[in-house]
Amino acid sequence: IPIFFGSLASPEQLIVAAFGGESRDGAILLVGIALYRLFETQRLVFSGTLKGIDRPGLVMKIDAFALAFNVVLGFALVYEIGPIGVVLATVLAEASRYALLAYLINERFGDVRLVPRPLMEQFAAGMIMFLVVESSSRLVTGASWFNTALLVGIGGAVYMGVLFAISANFRVTVRSLYRDSGLGS
């Protein structure tokens, strides 16, 4: 979630700092790949659940469908809109895989919350981080490594700070990690 919102806030600066000015057009691809990863992280929970109840064949069928969907749509879209078509096809394939798995999990277990409170809290922290980084990127101009690292640092601090402020689950996790690390003794 923070990677998606961070890439959405300043994709061009991230791409130019990492790969140089000639890669500037790849900024939209970065956002698409981050969106794909967002769907993927949520989909993995459902895939693991179905595998855990001894339904790996069902997961494999959905994976095969998503692969075929991705390849067919990817070829069509790359000819229509260029390289972004491949990323768009991949995002749509992953979203469809997520939707199919979510449907099967709901069928099997009843009313499963697809967007639980911790996920909503992470989205809220991500949106606030986006606003701060997007605003900061107007002040921190230039795609140097220092400026990009500064924006990433600001984004990380805002995301973690907001999440710590609004999420009891996150606070418990951080305190537990701190205590278990030996630093809290």
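**Helices and rings in a predicted model**

Q: How far apart are the end C-alpha atoms of helix H5 (residues 84-109), and what span should its 26 residues have?
A: Let's start with a ruler: the expected span of a helix is 1.5 Å times one less than its number of residues. For the 26 residues of H5 that rule gives 38 Å. This agrees with the distance between the end C-alpha atoms, which is 37 Å.

A quick note on the ground rules. This is a predicted model, in which local features need pLDDT of at least 70 and side-chain atom pairs count only at pLDDT 80 or more, while totals for chains, interfaces and linings use all residues. Residues are numbered from 1 along each chain as its sequence is written, and side-chain values use heavy atoms, with hydrogens and water left out.

Q: How do H1 and H3 run, roughly parallel or roughly antiparallel?
A: Helices here are DSSP runs (H or I, at least four residues), numbered from the N terminus. Axes are lines fitted to C-alpha atoms over the stretch in contact, and angles run from 0 to 180 degrees between N-to-C directions. H1 and H3 pack at about 165°, with axes 8 Å apart. Angles under 35 degrees count as roughly parallel, over 145 as roughly antiparallel, 65 to 115 as roughly perpendicular and the rest as oblique, so the two helices are roughly antiparallel.

Q: What kind of aromatic pair do Phe 4 and Phe 5 form?
A: Rings of Phe, Tyr and Trp (its six-membered ring) pair if their centres lie within 6.5 Å; planes under 30 degrees apart count as stacked, over 60 as edge-to-face and the rest as tilted. By this rule there are 6 aromatic pairs. In one of them, the centres of Phe 4 and Phe 5 are 5.2 Å apart and the planes meet at 65°, so this pair is edge-to-face.

Q: Which residue forms an edge-to-face pair with Phe 5 at 5.9 Å centre to centre?
A: The planes of this pair are at 90°. The pair links distant parts of the chain, 118 residues apart: Phe 5 is in helix H1 (residues 2-9), and its partner is in helix H6 (residues 117-139). That partner is Phe 123.

Q: Is Asp 54 buried or exposed?
A: Asp 54 is in the loop between helix H3 (27-52) and helix H4 (56-81). Buried means under 20% relative accessible area, exposed over 50%, and partly exposed in between (1.4 Å probe, protein chains only). At 62% relative accessibility, Asp 54 counts as exposed.
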